[in-house]
Amino acid sequence: MVTTDVVVVGSGPAGASMALALARLGVDHIVVTRYETLAAEPRAHITNQRTMEVLRDLGVSGQVEALATPQDLIGTTTFCTSLAGEELGRVRSWGTHPRSRAAHALASPAGICDMPQSLMEPILVQGAQAAGSRIRFSTEYLSHAVDDDGVTVRVRDRLRDDEYEIRAKYLYGADGGRSRVAEDAGLPMRGEMGVAGSLNIVFRADLSPWVAHRPSVLYWVLQPGSDIGGIGMGVVRMVRPWNEWLTIWGYDVADGPPDLSDEFTTGLVRQLVGVDDLEVEIVGSSAWTVNHMAAEHYGSGRVFCGGDAVHRHPPSNGLGSNTSIQDSFNLAWKLAYVLRGWADPSLLDTYSAERAPIGRQVVDRANQSIGETGRIFDALGVSGTDDPEVMRENMARRREPGAEKQRRALREAITFKAYEFDAHGVELNQRYVSSAVVADELAPDPLATVEDPELTYVATTTPGARVPHVWLAGRDGDVSTIDLAGRGRFTLFTGPGGTWPESEQMRVIVVGPGEEIEDPYGDWARLLEAEGIGDAGGVLVRPDHHVAARFATLPNDPAEVLAGVLRTGEQ
Ligand code: FDA
């Protein structure tokens with residue numbers, strides 16, 4: 001029988017990033033993935049700062065940056081009646097508002113970018129293969145059986161049309177929104193599938209005359225009289241500036257998707273662009289549904305799931321593949337530590353405790369964002385009537401001198417969409433609460449008092465939060481705390497007053513004058529001081545960059561604290 005330590009099902013963002021992380025951690029694993037090729041459709045695209053930090057850790061961020069569309073070209077989210085038609089307003093997005101730019105620059109060494117899934121997956125998979133992953137395409141997961149010593153996974157080789165079994169210690173189901181692994185593992189799902197229907201149409205056309213002056217990844221199109229089901233409006237989404245695009249359009253789930261003929265798709269593209277004779281090359285099309293569902297827990301014992309298998313939601317806020325990659329990054333080091341005998345298997349239970357609340361938050365946020373688009377319809381006067389003529393009249397009224405109230409309402413409704421397009425807090429304020437985090441009362445979590453935790457990121461060493469990014473000075477130049485941490489090890493940041501022996505699991509970084517890492521601007525010291533951590537204290541950061549524990553002064557037996565985190569529940 002084929003044997004390995006971990007079987008990963010799926011090669012989408014969740015499965016491919018798990019493979020890459022496991023390979024870099026030296027964990028033997030096999031990926032089985034149903035199709036012959038990776039995703040051809042661009043699908044997910046916004047790649048946020050947190051994911052870019054993970055990709056830095058995994059050694060592929062440079063390749064992603066080389067292919068991605070940079071932040072400067074993605075942020076003028078525009079609402080219009082068609083690309084060539086009337087503009088209704090814009091909202092600066094994805095950190096491109098000058099205030100958000102500063103917040104982004106302060107928050108992370110990495111920038112947000114736009115990376116179509118069709119380009120992201122090959123980078124993750126090739127990186128994984130180069131680091132030692134065994135990836136079996138055209139291989140379908142069929143079933144699994146767990147016993148005391150491991151899990152037996154039954155798969156079908158679709159090329160040879162035969163079945164075989166793989167014996168592993170753990171199984172990770174990253175098999176997407178129709179996950180069979182999650183179903184077989186009996187993961188409790190809460191929510192609703194198929195809330196609304198959407199169509200994706202990928203096409204090539206030079207749209208630069210209508211977009212280059214307001215560069216963006218998203219152009220939202222509202223056309224009175226058109227069926228605007230699904231995510232609420234038509235979307236023309238940039239895939240590559242400015243000649244490759246993806247149109248999203250709603251359909252009624254009760255009727256099922258329409259026939260996606262070339263005539264239908266070309267007509268729809270021309271209608272949204274607003275140019276009747278636009279030269280269009282249709283590349284592909286597909287139908288999908290808006291879902292509102294998340295698993296209550298992500299597995300236990302020997303079987304875990306991540307990505308869309310456990311959180312299913314619309315693309316609003318661009319959280320799909322980001323959350324999937326971050327799930328895998330949370331679990332990968334735990335699997336490695338348990339397999340090496342460095343941690344108790346109960347450490348694996350913290351995966352679900354930490355990630356399931358985040359999945360629920362993401363699913364709710366993405367669906368809420370769809371609902372909030374309704375404010376724009378209300379302001380324009382297109383809700384509450386089915387009559388396109390009335391809609392057009394109401395929309396036109398906002399140009400009249402006396403329509404100040406309507407103009408203000410529209411302005412406010414569009415600005416409000418920052419909760420979808422510039423929600424920095426949603427992206428970075430994640431907190432882990434589990435037995436792999438040592439809660440303390442050193443300083444209150446500043447998140448509790450921030451005015452808007454969804455929009456605003458707060459830097460803090462609160463246990464469970466991601467360690468704040470601060471530029472420190474190394475011998476070869478400036479280096480971020482985020483990049484000093486991670487890479488498969490715990491990191492203890494301490495000051496000149498602290499001493500703590502290094503171990504295989506933990507690197508000790510003394511930050512101070514004359515040390516390898518210095519804090520010339522004093523930013524790190526200021527941050528720690530504000531949270532009650534002295535030079536002789538420290539911040540213990542997990543391999544996934546989240547704070548495990550912090551100390552005002554180092555405890556008498558510091559190694560025991562780390563051992564407690566790895567034993568879990570005993571610290
Ligand atoms: P994903 O679905 O990407 O991958 C699942 C993997 O499992 C695939 O490799 C598949 O072959 C494999 N698999 C499935 N069953 C298997 C089996 N039985 N055996 C072996 N392998 C199996 N998100 C976003 O943020 N913006 C967007 O615009 C869009 N648009 C979009 C369009 C469409 C059509 C879809 C389907 C999805 C989106 N998404 C999206 C969502 C986004 O693509 C999604 O969140 C991520 O792809 C999730 O990554 P996963 O790896 O979890 O699943």
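Which element of the protein has the lowest mean pLDDT, and which the highest? Helix α18 (residues 558-567) sits at the bottom with 79, and strand β2 at the top with 99. Welcome to this predicted model; here is a short tour of some places worth a look as you turn the structure.

**Confidence**
- Averaged over the protein, pLDDT is 95, and 98% of the residues score at least 70.
- For the complex, the predictor reports an ipTM of 0.96 together with a pTM of 0.97.

**Around strand β3**
- Strand β3 covers residues 29-32, and its side chains take two directions: His29 and Val31 point one way, while Ile30 and Val32 point the other.
- This fits a general pattern, in which side chains of a regular strand alternate between the two faces of the sheet.
- Whichever way they point, all of these β3 residues are buried.
- One partner of β3 is strand β2 (residues 6-9), which runs parallel to it and is joined to it by four bridges.
- To find this pairing on screen, look for Val9, whose bridge partner in β3 is Val32.
- Between these two strands the chain passes through helix α1 (residues 13-24), making a β-α-β crossover that is right-handed.
- Strand β9 (residues 134-136) also pairs with β3; the two run parallel, with three bridges between them.
- Here Val31 has Ile135 of β9 as its bridge partner.

**Two helices side by side**
- Helix α9 (residues 320-339) and helix α10 (residues 349-372) have axes that come within 10 Å and cross at roughly 175°.
- An angle over 145 degrees counts as roughly antiparallel, so that is how α9 and α10 are arranged relative to each other.
- On the α9 side, the contact is made by Thr323, Asp327, Asn330, Leu331 and Lys334.
- On the α10 side, the residues taking part include Thr350, Tyr351, Glu354 and Arg355, and also Ile358, Gly359 and Val362.

**The β26-β27 hairpin**
- Strands β26 (residues 538-541) and β27 run antiparallel and are joined by four bridges.
- In one of these pairings, Val539 has Arg550 of β27 as its bridge partner.
- Five residues separate the two strands of this hairpin, and in the turn His545 has a positive phi of about 75°.
- Strand β27 (residues 547-551) is mostly covered, with five of its five residues buried.

**Unusual backbone spots**
- As a general background, most residues other than glycine have a negative phi, and most peptide bonds are trans.
- Where does the chain have a cis peptide bond? One joins Pro241 and Trp242, with omega at about -15°.
- Trp242 belongs to the loop between β16 (234-240) and β17 (244-251).
- Arg43 is not a glycine, yet its phi is positive, near 40°.
- The loop between β3 and β4 (46-47) is where Arg43 lies.
- Is Arg43 buried or exposed? Arg43 has 21 other C-beta atoms within 10 Å, and the cut-off for buried is 20 or more, so Arg43 is buried.
- Arg487 also has a positive phi, near 55°.
- Arg487 lies in the loop between α16 (481-484) and β24 (490-494).
- With 16 other C-beta atoms within 10 Å, Arg487 is partly exposed, because that count falls between the limits of 12 or fewer for exposed and 20 or more for buried.

Conventions. Residues are numbered from 1 along each chain as its sequence is written. This is a predicted model: local features need pLDDT of at least 70, side-chain atom pairs count only at pLDDT 80 or more; totals for chains, interfaces and linings use all residues. Two strands pair if DSSP finds at least two bridges between them. A crossover is right-handed if, with the strands pointing away from the viewer, the path from the first strand over the helix to the second runs clockwise. pLDDT is the predictor's confidence in each residue, from 0 to 100. Axes are lines fitted to C-alpha atoms, for helices over the stretch in contact, and angles run from 0 to 180 degrees between N-to-C directions. Angles under 35 degrees count as roughly parallel, over 145 as roughly antiparallel, 65 to 115 as roughly perpendicular and the rest as oblique. Two residues are in contact if their C-beta atoms, placed from the backbone, lie within 7 Å.
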